[in-house]
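This report introduces a single protein chain to a reader who has not met it before. Please keep the sequence and the model in view while reading.

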Amino acid sequence: MALPSFLIKDVIFPITDTVSGLKVSYYNKFLKKSQWWTHEKLQEYQNKRLRIIIKHAYETVPYYHQTMKKQKLKPENIKQPDDLKKLPILTKQNIRQHRQQLQSTKPGKYKQNATGGSTGEPLNYIVGYDSLSIGISAMYRAWHEAGYQFGDKIITIGGRSIVSGKKAFSKKAKDTLEGQHFLSAFSMNDKTMLKCVNEINKIKPTVIRGYACALNELAKYIEQENKEITYKPKGIVTTAEKLFPKQRQNIENAFGTKVFDNYGARDGNPNAFECKEHTGLHYSMELAIIESLKDNEPVQDEPGEFIVTDLHNHALPFIRYQVGDRGIMNGSCSCGRGLPLIKELSGRIQDFVETEDGTKIHGEFFSHIFWDTPGIEQFQIYQKKKGSIELRLVANKDFNEKQIEKVKTIITKNFPLEVKIKLVNKINKPSSSKYRIITKG
Ligand SMILES: [Zn+2]
């Protein structure tokens, strides 16, 4: 049962916000407007938020207080994104090593979060409710651009927690009310994909969203098996990994509608979305500052490493955080939004592991396992032949041998795979953009 748009917007969201302490309703309205601000006004907003977060970090976060003191910096020395270069870059390893000192003594309401698996480096951290709220609203803004209205049906083809395997009742109830449905991308074969096509045709969601390579797989299946999507969805939203042009073409052909690519990371909260012009992804300046750097210098029109500063996470400020993504920053869009464009994204290239019968398991399945496995700094999956994998892990002192069995059990309980776990000292990451968590050959 889906409810009318106004009920979701004007009743459900405000009630959920009051109960939970989130500000999704507020940010929904804010982001709807702010995207049409001029670039200068958006810069002013960024400067204002940056000054607040820097002052907060200096006053309540021991790690930043010490870092700034060492560099002889006061909050007033960092007023705009350009000034950020005075501060060092924050890596995932820094966060793992200094987690306690990085947490604010005045964190406000926050929750535990885990992520980073799609770049092969899992990370646990805390996120404040303000950051969480604007992140959720930014996701809705991106869906709206693809044609979604609150209350419309939407199907997600993605992953969900396979470790705990449960979803809070309140979340389930909210999803149902909002018209959200879920199909797993963790096991793709002819049988599950046929089921997926049938579900889509039955539910007729306004928008379908999912991992780019999972949607591409489904699109190829639809074409090859002469299946049909019997109605026209308003849009397809791809997320979580790089979307290749060929994949976009396959998906648009199979579903008979346009693809809207999205970019986001929970850690550091960078966000970008494609508009109806399809000339790139609008970088959501309201959420985070994204510096695109090459040899520590800002670059435009060529690939740069993304360094992000979350403008809203007061619980654990991510300031100049190396998120692990790369892209090409490139000018403005003819749609009139003041948000600049990211022309191309790279850094998260996903793939499938295959079982002997050809079932494809999306790489995020493995990332999800490490959300709940402490002590893993990096991982990579090597598949030489179907049905077996070698899992390469870089572990630290929080990892113990028992977890090897636990990881193996989670995998083999879900899929017929022969699993060999190899602890290694290092996994080399190429300096170019092509990092893959699944390697084959
Ligand atoms: Zn645009």
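Two residues are in contact if their C-beta atoms, placed from the backbone, lie within 7 Å. In this predicted model, that notion of contact helps to describe helix H12 (residues 364–371), whose buried residues are covered by elements that include strand E5 (207–211), strand E16 (360–362), strand E17 (376–383) and helix H13 (401–414). Seven of the eight residues of H12 are buried, so this helix is largely enclosed by the rest of the structure. The buried residues of H12 are Glu364, Phe365, Phe366, Ser367, His368, Ile369 and Phe370.

**Domains**

The domain assignment divides the protein chain into domain 1 (1–351) and domain 2 (352–440), and the C-alpha centres of domain 1 and domain 2 are 25 Å apart. Where the two meet, 29 residues of domain 1 are in contact with 29 residues of domain 2. On the side of domain 1 that touches domain 2, the largest share, three residues, is contributed by helix H10 (residues 212–224). The residues on that side of domain 1 comprise 13 nonpolar, 11 polar and five charged.

**Helix packing**

Two packed helices are described by the angle between their axes and the distance between the axes. The table gives these values for two pairs in the model.

| Helix pair | Angle between axes | Distance between axes |
|---|---|---|
| H10 and H11 (residues 245–255) | roughly 50 degrees | within 8 Å |
| H1 (residues 5–20) and H2 (residues 24–34) | about 130 degrees | 8 Å |

With axes that cross at roughly 50 degrees, H10 is oblique to H11, and the crossing of H10 and H11 is left-handed. To this contact H10 brings Ala212, Cys213, Leu215, Asn216, Ala219, Lys220, Ile222 and Glu223, while H11 brings Gln247, Asn250, Ile251, Asn253, Ala254 and Phe255. Sorted by character, the residues in the contact of H10 with H11 are eight nonpolar, four polar and two charged.

For the other pair, H1 and H2 pack at an angle of about 130 degrees, which makes H1 oblique to H2. Their contact is formed by Phe13, Pro14 and Asp17 of H1 together with Val24, Ser25 and Asn28 of H2, and these residues divide into three nonpolar, two polar and one charged.

**A buried strand residue**

Isoleucine 307 belongs to strand E12 (residues 303–310). Is isoleucine 307 buried or exposed? Because a residue is buried if 20 or more other C-beta atoms lie within 10 Å of its own, isoleucine 307, with 24 C-beta neighbours inside 10 Å, counts as buried. Leaving aside residues up to four places away in sequence, isoleucine 307 touches Ile89, Glu291, Leu293, Arg320, Tyr321 and Gln322. The C-alpha atom of isoleucine 307 is separated by 22 Å from that of lysine 69, and the two residues are 238 residues apart along the chain.

**Asparagines with positive phi**

Most residues other than glycine have a negative phi. Asparagine 226, although not a glycine, has a positive phi of about 55 degrees, and this residue lies in the loop between H10 and strand E6 (235–239). With 6 other C-beta atoms within 10 Å, asparagine 226 is exposed.

Asparagine 296 also has a positive phi, near 65 degrees, and is found in the loop between strand E10 (288–294) and strand E11 (297–298). Asparagine 296 is exposed, with 10 other C-beta atoms within 10 Å.

Note on methods: Residues numbered from 1 in each chain as written. Predicted model: local features only at pLDDT ≥ 70, side-chain atom pairs only at ≥ 80, totals over all residues. Domains from an automatic or database assignment. Helix = DSSP H or I, 4+ residues; strand = E, 2+ residues; numbered from the N terminus. Nonpolar A, V, L, I, M, F, W, Y, C, P; charged D, E, K, R; others polar. Axes fitted to C-alpha atoms, helices over the stretch in contact; angles between N-to-C directions. Parallel < 35°, antiparallel > 145°, perpendicular 65-115°, else oblique. Left-handed = near helix turned anticlockwise from the far one by under 90°. Buried ≥ 20, exposed ≤ 12 C-beta atoms within 10 Å, placed from the backbone.
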